[in-house]
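Visitor: I'd like a close look at a single part of this model, please. Could you pick one residue, walk me through its surroundings, and then follow the threads outward from there?

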Amino acid sequence: AHVALAVFTLSALPPDSLPTALSSLCSCLLPNGRLLLRDYGKLDLKQLKYAQVTGARLHDAQGREWYSRGDGTTVHFLTEEAVRQLAAQTGFEVERVGYDRRLVINRADKTRMQRVWLVAVLRKPSAVAQPQRRQKPRVSFHTQRVASPSKGLFISPIWGFALAKSAAWFVGAA
């Protein structure tokens, strides 16, 4: 694939399994393919709420913090440094990483919420060993070719516009 999306998924995994998950994503990408990542950032409103709940804070062997939710699932909050380390461990190059901080106001009760999300673009390095032979892409009747900077990208006509706009936003073209 040319592009993979990981939106609010890595934070749901235990911290020990993140390198395996990113390695799997890296293996799915073509050389120069990109992983677009958006997830909970450190000091997000949710983290501050979980920190106040008795017994919700968990620790692993490396001292990383993660939290247990009321429904039994877990969550942890990413930092720029953690993403850079994971990228280096799993074969990605970091193109861009940063925080998206937003003040969200509930109109009904005027509650102010400070949200922090981590946004990153990770690139799989180009293969330097042997040039790969270009294979003919397989096309089903549900897909269509879309004119885009990444040649050979096949996407559904229904999701095409939204995906193209999202990808452009991540790489700074929008």
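Guide: Happily! Let's start with Lys110, which is exposed, with a relative accessible area of 60%; the cut-off for calling a residue exposed is over 50%. Please keep in mind that this is a predicted model. Lys110 sits in the loop that links E6 and E7. Its backbone deserves a glance too, for the phi of Lys110 is near 60°, a positive value in a residue other than glycine. As background, most residues other than glycine have a negative phi.

From that loop we can step into the strands on either side. Strand E6 covers residues 93–105 and includes Val104. Val104 has a relative accessible area of 32% and is therefore partly exposed. Leaving aside neighbours within four places in sequence, Val104 touches Thr111, Arg112, Met113 and Arg115. For the last of these, Arg115, the C-alpha atom is 7.0 Å from that of Val104, although the two residues are 11 apart along the chain.

Strand E7, residues 112–123, holds Arg123. At 17% relative accessibility Arg123 counts as buried, the cut-off being under 20%. Its side chain has two polar contacts to look at: one of 2.5 Å with the side chain of Asn32, and one of 2.2 Å with the side chain of Glu93. Setting aside neighbours within four places in sequence, the residues in contact with Arg123 are Asn32, Gly33, Arg34, Gly91, Phe92, Glu93 and Glu95.

Asn32 takes us to another loop, the one between H1 and strand E2 (34–40). Asn32 counts as partly exposed, at 36% relative accessibility. Like the lysine where we began, Asn32 is a residue other than glycine with a positive phi; for Asn32 the value is near 70°.

That loop leads back to helix H1, so let's finish with how the helix packs. Two packed helices are described by the angle between their axes and the distance between the axes. Here the axes of H1 (residues 18–28) and H3 (residues 80–90) come within 9 Å and cross at roughly 60°, and the pair is therefore oblique. The crossing of H1 past H3 is right-handed. On the H1 side, the contact is formed by Leu18, Pro19, Leu22, Ser23 and Cys26, while H3 supplies Leu86, Gln89 and Thr90. Sorted by character, the contact has 5 nonpolar residues, 3 polar and no charged.

Terms used
Residues numbered from 1 in each chain as written. Predicted model: local features only at pLDDT ≥ 70, side-chain atom pairs only at ≥ 80, totals over all residues. Heavy atoms only, no water. Axes fitted to C-alpha atoms, helices over the stretch in contact; angles between N-to-C directions. Helix = DSSP H or I, 4+ residues; strand = E, 2+ residues; numbered from the N terminus. Parallel < 35°, antiparallel > 145°, perpendicular 65-115°, else oblique. Left-handed = near helix turned anticlockwise from the far one by under 90°. Contact = heavy atoms within 4.5 Å. Nonpolar A, V, L, I, M, F, W, Y, C, P; charged D, E, K, R; others polar. Buried < 20%, exposed > 50% of the residue type's maximum accessible area, 1.4 Å probe, protein only. Polar contact = N/O pair within 3.5 Å; in protein donor to acceptor, adjacent residues only side chain to side chain.
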